[in-house]
Amino acid sequence: MIISFLLIPTLYCNGQKQDKITIGVIDSIYSEILSEQRKVWIYMPDSYNSQADLRYPVLYLLDGDVYFYSLSGIVKQLSSFGNTACPEALIVAIPNTNRDKDLMPFDPNDEEFDSSGIERFTNFIEKELIPYIDDKYLTLQHRTLIGHSLGGSFVLNTLINHQSLFTNYLAIDPGLKFHNYRFFNYAIEKIRNNNFKNKSLFMTVANTMPEAMDTLTVLTDTTWTTATIRSNLKFAKAVEKFTSNELDYHWKYYSNENHLSVPTISEFDGLKYFFKWKVIDLDKIIRTNPYISGESFFNKVVDHYRNVTEKLGFKTLPNHEQMDDLGNYYMQKEDFDEAFLFFHYNIENYPNNSKSYDSMANYFLATEQSDMATEMFNKAIEINDTPHATKNPKN
């Protein structure tokens with residue numbers, strides 16, 4: 001017997017007013033470095049403020065006012081309703097006031113080009129914005145930087161020159177042809193010759209070439225119209241060959257997406273790649289290991305969340321409902337020892353959830369331990385006066 005652990009989305013959002021759907025707030029900070037007031041759009045997950053000790057990884061998004069809506073929707077979907085593809089995360093979306101000044105990658109060999117803009121903007125993020133966000137919001141040190149087009153170039157520039165700022169770097173169809181390809185060459189040399197241990201780069205390439213070309217013929221073209229895709233493909237393939245730099249690297253070409261349509265799918269795929277270690281498919285474990293013991297299954301779950309905790313630097317708990325479903329799955333099979341493991345795990349992780357004790361009460365009833373069942377049932381009532389235990393052990 002295989003049960004499904006998919007949770008049906010509840011038709012409400014925590015903290016939403018009945019007549020409004022709110023997905024974020026606008027904050028602002030005055031930057032001494034930039035000499036201007038800068039707005040940031042903030043997305044907070046539904047669980048924000050539900051527990052005092054919760055902390056969240058942070059996604060920093062360039063051109064934030066443009067991509068805020070898509071990214072917040074993707075994060076919510078991939079982290080809610082039992083979906084483990086992405087952790088709940090805080091989004092800090094940064095609208096740009098002058099994209100060329102803020103995001104244009106510098107050329108260290110071009111004395112005529114003023115590279116101070118991108119360095120000032122990077123310093124603003126490092127020395128003012130990140131400390132402000134960490135002080136005001138419930139954040140972890142696990143950070144992701146996301147940028148498209150010129151913003152993708154900024155992402156690459158940050159990786160090679162300020163790699164300590166972020167854990168993950170998502171460069172969406174970046175511009176690498178600036179300064180007669182000198183930034184292209186500079187970036188390749190930096191990635192080849194430096195170590196990027198514990199850093200991840202996901203780069204995406206859109207289809208911006210004429211219909212008569214393919215990804216092979218475009219590499220030999222010399223016209224300006226193919227400069228973006230040509231440089232991106234060459235860069236992506238070159239970085240793929242560097243294996244000694246310890247960079248966790250992946251790139252993807254989207255043949256059916258153009259420069260303006262590629263950001264959303266890139267955000268989706270990028271987050272799934274960065275947090276691939278967050279995924280645990282409980283149904284698949286049972287399907288592919290039909291004879292796995294309940295104890296081995298339980299150990300897999302515990303080991304998984306221990307690894308996620310280590311990666312994020314913060315204790316990460318399994319979904320309560322999923323663990324309860326697993327306990328009831330083994331109850332139905334009358335594998336009571338295995339059911340106990342999952343019910344006890346929920347009590348350890350969610351000691352203030354009445355359902356944890358309801359389920360354990362049912363376990364003790366099934367194993368004819370009425371005194372313990374009464375104790376668990378009474379504990380559930382202490383927490384919630386409408387517990388869900390199927391049977392009152394006092395009757």
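A salt bridge is a side-chain nitrogen of Lys or Arg within 4 Å of a carboxyl oxygen of Asp or Glu. Keep that in mind as you work through this predicted model.

**Exercise 1.** Find out which residues are linked with Arg38 in a network of salt bridges.

*Solution.*
- Step 1: Start with glutamate 36, whose closest approach to arginine 38, N to O, is 2.9 Å. That is within 4 Å, so the pair counts as a salt bridge.
- Step 2: Turn to aspartate 102, which meets the side chain of arginine 38 at 3.3 Å, N to O. This pair joins distant parts of the chain, with aspartate 102 in helix α2 and arginine 38 in strand β2, 64 residues apart.
- Step 3: Put the pairs together: Glu36, Arg38 and Asp102 are linked in a network of salt bridges.

**Exercise 2.** Decide whether arginine 38, glutamate 36 and aspartate 102 are buried or exposed.

*Solution.*
- Step 1: Recall that buried means under 20% relative accessible area.
- Step 2: Arginine 38 has 1%, aspartate 102 has 1% and glutamate 36 has 19%.
- Step 3: These values are under 20%, so arginine 38, aspartate 102 and glutamate 36 are buried.

**Exercise 3.** Work out which strands stand at the edges of the open sheet.

*Solution.*
- Step 1: Write down the order of the eight strands, β1-β2-β4-β3-β5-β6-β7-β8.
- Step 2: Look at the two ends: β1 (25–31) and β8 (248–254) each have a single partner strand, so one side of each lacks a neighbour in the sheet.
- Step 3: Check the partner of β1: this strand pairs with β2 (residues 36–43) in the antiparallel sense over seven bridges. Within that pairing, isoleucine 26 has tryptophan 41 as its bridge partner.

Methods. Residues are numbered from 1 along each chain as its sequence is written. This is a predicted model: local features need pLDDT of at least 70, side-chain atom pairs count only at pLDDT 80 or more; totals for chains, interfaces and linings use all residues. Side-chain values use heavy atoms; hydrogens and water are left out. Two strands pair if DSSP finds at least two bridges between them. Helices (H or I, at least four residues) and strands (E, at least two) are DSSP runs, numbered from the N terminus. Buried means under 20% relative accessible area, exposed over 50%, partly exposed in between (1.4 Å probe, protein chains only).
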